Every structure is written in structure tokens, then in C-alpha cells.
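Visitor: I'd like to poke around this structure with you. Can you put it on screen and take my questions as they come?

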Amino acid sequence: MPYSAQTGRVGKGKRMLVYDPDPAINERIRRAVRYGQTRWAEIWLSLIAVAVGLVLVAPTNTFGNESFRVIASVISEWKAGALCLFFGSARLLALWVNGRRGRETSFIRTLGCLGGFVFWLAIALGFLLTAPPITTGVAVYTILALAELHASGRAASDMAAEDTFGFRARRRQNGAGSSRSSSAA
């Protein structure tokens, strides 16, 4: 079972989360977590997905635009909108739970970011494949994809810091106190 974060006293009655019983590892994790560093980026990207989903499920013919020709050949406008709404809302829920309860949803956040990366990149490629002319959609959706990729790195760092899969706990149980054990000698 992975080690769960606990609260410990630090100086003059202040409390700080203790992620790991080893003080050196705990300090490294504490610095790595930096609560909120990309959470706002993830929130905005999720809100963009929800907004795009609302536009796509609305009774307009967004995919009737020539720029969406390639995308429309792969998925219907309504299905794309429903997927945007579902995954954008699921990510917002995961971020809310993550902010209220600690870092238990970093895995969901990471999957959401990677899914967003694939989604925005697919749209950018769809716009690119309808060129010429190259539209601003190529630039905007590519930047959204890169933002998701960056956010996935931070979410994955949070996963590592909270030992989501219990790798550090298992290593500690097996007697290896550090990743730089006797194999480095």
C-alpha cells in the first residue's frame, strides 16, 4: 500500500504535508509538487473543451465549414461535441476533487491531459490536411495540444510525488532505501 501524505508540525505550530517518512525524499517531493503550478492551465484547457463541446452539440452546422472536412469524415459533429463535454467535465471534476482532497486524482489528470493532447492535435492535423489555405485553426489547436502536453508532464510529476503506483513503498519494503543503492557502486 502506498504511503499516504500526513500532516506534521514544522516550527512555531505551522503544519506541512509529509509525503514520505524520509526527510530528504519528502523535501524533494514537496518542492516537486508545487501545488497549482499547472492546475490553472488544466482548468482553462478543460473549460475550452467544454466550450467547444457546447458549440458542437448546438444546432448549428459547424462541421459544414470546409476547414472541418477531414474531421467530419472521421467523427460526427454531435459525437465530437459530446466527447468534448464529457471529458472536459470529467477533468474539471477530477481537478476539483484533487484540490479538495489532496493529490489522489493525478492519474486521472494525466490521462485527461494526454487525451486532450491527442484531441487538439487531431483537430490541428485535420485543419492542416484541408490546406491550402492554412488557417489560424492550425496554430491555435497546435498550441492547445502543446499546452496539454506540458500540463501532462506536471500531472505525471504529481503522480510520481504522491507515489501513485506504490513504487517507492515497494522499494522501501524490499529493503532498498534509495534509488541510488548498491547498483551505483
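Visitor: Is C84 buried or exposed?
Guide: Keep in mind that this is a predicted model. The cut-off for burial is under 20% relative accessible area. C84 sits at 4% relative accessibility, so this cysteine counts as buried.

Visitor: And C113, buried or exposed?
Guide: C113 belongs to helix 5. Its relative accessibility is 0%, and the limit is under 20%. So C113 is buried.

Visitor: How many disulfides are there?
Guide: A pair of cysteine sulfur atoms has to lie within 2.5 Å to qualify. By that rule, the count comes to 0.

Visitor: Let's move to the core. Which helix gives the most residues to the largest nonpolar core?
Guide: That core has 18 residues, and F63, I71, W120, I123, F127 and Y141 touch the most other members. Helix 2 (39-57), helix 4 (77-101), helix 5 (106-129) and helix 6 (136-161) each supply at least two residues. The top contributor, with 5 residues, is helix 5.

Visitor: What does W120 touch, leaving out residues up to four places away in sequence?
Guide: W120 is one of the buried residues of helix 5, along with others including G116, F117 and I123. Leaving out those sequence neighbours, W120 touches L45, I48, A49, V52, Y141, L144, A145 and E148.

Visitor: How far does helix 5 reach from its first C-alpha to its last?
Guide: Helix 5 has 24 residues, and at 1.5 Å a residue you'd expect 34 Å. The model comes out close to that, with a reach of 34 Å.

Visitor: Same sort of thing for helix 2: what is its reach?
Guide: Helix 2 has 19 residues, with 27 Å expected at 1.5 Å a residue. Its buried residues include L45, A49, V52 and G53. From first C-alpha to last, helix 2 reaches 27 Å.

Visitor: How far apart in space are A82 and G53, C-alpha to C-alpha?
Guide: A82 is found in helix 4, while G53 is among the buried residues of helix 2. A82 itself is partly exposed, because its relative accessible area is 25%. The two are 29 residues apart in sequence, but in space their C-alphas are separated by 6.1 Å.

Visitor: One last spot: which residue has its backbone nitrogen 3.0 Å from a polar atom of the N65 side chain?
Guide: N65 lies in the loop between helix 2 and helix 3 (69-74). With a relative accessible area of 42%, N65 is partly exposed. The backbone nitrogen 3.0 Å from that side chain belongs to S67.

Definitions and conventions
Residues numbered from 1 in each chain as written. Predicted model: local features only at pLDDT ≥ 70, side-chain atom pairs only at ≥ 80, totals over all residues. Heavy atoms only, no water. Core = buried A, V, L, I, M, F, W, Y, C linked by side-chain atoms within 4.5 Å. Buried < 20%, exposed > 50% of the residue type's maximum accessible area, 1.4 Å probe, protein only. Helix = DSSP H or I, 4+ residues; strand = E, 2+ residues; numbered from the N terminus. Contact = heavy atoms within 4.5 Å. Polar contact = N/O pair within 3.5 Å; in protein donor to acceptor, adjacent residues only side chain to side chain. Expected span 1.5 Å × (residues − 1).
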